[in-house]
Amino acid sequence: PPSPPAMDSVSTDLAHLLSSLRLEALAPAFAEEAITDVALLTSMGREMLLENLDEIGIETSDATTLADALFPPSPAPDAAPATPAAAPAPSNGHIVDASPGGDASGGGGGGGAAVSAEEESAHEVAQWLLKPYLVIDPGELKSKVLRLTREANRHQHAGLHANAAATYTQALALEPPNARAVAALYYNR
């Protein structure tokens, strides 16, 4: 079946996500608010996303369905390592088996379940999606932060405050080294 006209004004990824959740009816509201891609929604985080969707008039049940798809619930507490604070977050994108006797290769001394190659691949993709700019050079980082800041300022001036906050959050996620720029981004957000 042909897609509704509003679905044409959002990215293919967002249109696919909305279709898979049977939330195509949200496309006009997203198009009106210039929410055109999944990255913008995920940059908000679960709580801000729910708050912003409520602000633009999206039904709570639809907002929760979308938030659950973008931010799946955490695993059950019994599946988590006994000492989560002791498990360092890997900075190189590789999986570290934090279970007793585990090692960085995912194999190991029988203390924890081995991570399958499929799970490791999925984790690496997720890490890249969450922190794609870890390997960015400083000049490119600066231009991306400035571009996002200009985009957020345009949203702010257009009265699209939720989009502005999300775009400032995207810029902050790049972790610019300039303390004044970071302070300005937090202030504007």
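**Exercise 1. Determine which residues, leaving aside neighbours within four places in sequence, are in contact with Thr 149, and place Thr 149 in the fold.**

Solution. Once the neighbours within four places in sequence are set aside, Thr 149 is in contact with Tyr 168 and Leu 185. The coordinates used here belong to a predicted model. The next step is to locate the residue, and Thr 149 is found in helix H7, which covers residues 138-157. The last step concerns its cover: Thr 149 has a relative accessible area of 19%, and because buried means under 20%, this residue counts as buried.

**Exercise 2. Describe the secondary structure of the protein, and state what share of its residues is buried.**

Solution. Begin with the count of elements, which gives 9 helices and 0 strands. Read from the N terminus on, the order of the elements is therefore α-α-α-α-α-α-α-α-α. Turning to burial, 29% of the 189 residues count as buried. The protein exposes about 11800 Å², of which carbon and sulfur atoms supply 57%. Finally, among contacts with a separation of 6 or more, 47% are accounted for by residues 24 or more positions apart.

**Exercise 3. Find how many salt bridges there are, and work out for each pair where its two residues lie.**

Solution. Side chains of opposite charge can pair when their charged atoms come close. With a limit of 4 Å between a side-chain nitrogen of Lys or Arg and a carboxyl oxygen of Asp or Glu, the count comes to 2 salt bridges.

One of them joins Asp 68 to Arg 46, with 2.8 Å between the closest N and O atoms. This pair links distant parts of the chain, since Asp 68 belongs to helix H5 (residues 60-70) and Arg 46 to helix H4, at 22 residues apart. Asp 68 is partly exposed at a relative accessible area of 33%, and Arg 46, at 27% relative accessibility, is partly exposed as well.

Another salt bridge is formed by the side chains of Glu 151 and Arg 147, at 3.6 Å from N to O. Here both residues lie in helix H7, 4 residues apart, which is about one turn of the helix. Glu 151 has a relative accessible area of 24% and so is partly exposed, while Arg 147, at 39%, also counts as partly exposed.

**Exercise 4. Identify which residues that are not glycine have a positive phi of about 60°, and say in which loops they lie and whether they are exposed or buried.**

Solution. Arg 22 has a positive phi of about 60° although it is not a glycine, and its place is the loop between helix H1 (12-20) and helix H2 (27-32). Because its relative accessibility is 73%, Arg 22 counts as exposed. Ala 34 likewise has a positive phi of about 60° without being a glycine, and lies in the loop between H2 and helix H3 (38-43). With a relative accessible area of 27%, Ala 34 is partly exposed.

**Exercise 5. Name the residues that gather in a patch of negative charge on the surface, and examine the setting of Asp 54.**

Solution. The patch of negative charge is made up of Glu 47, Glu 51, Asp 54 and Glu 55. Asp 54 has its place in helix H4, residues 45-55. Its relative accessibility is 53%, and since exposed means over 50%, Asp 54 counts as exposed.

Key. Residues numbered from 1 in each chain as written. Predicted model: local features only at pLDDT ≥ 70, side-chain atom pairs only at ≥ 80, totals over all residues. Heavy atoms only, no water. Patch = residues over 30% accessible without salt bridge, like charges linked within 9 Å, V, L, I, M, F, W, Y side chains within 5 Å. Areas by Shrake-Rupley, 256 points an atom, 1.4 Å probe, with all protein chains shown as cover. Lys, Arg positive; Asp, Glu negative; His and termini not counted. Charge placed at Lys NZ, Arg CZ, Asp CG, Glu CD. Buried < 20%, exposed > 50% of the residue type's maximum accessible area, 1.4 Å probe, protein only. Contact = heavy atoms within 4.5 Å.
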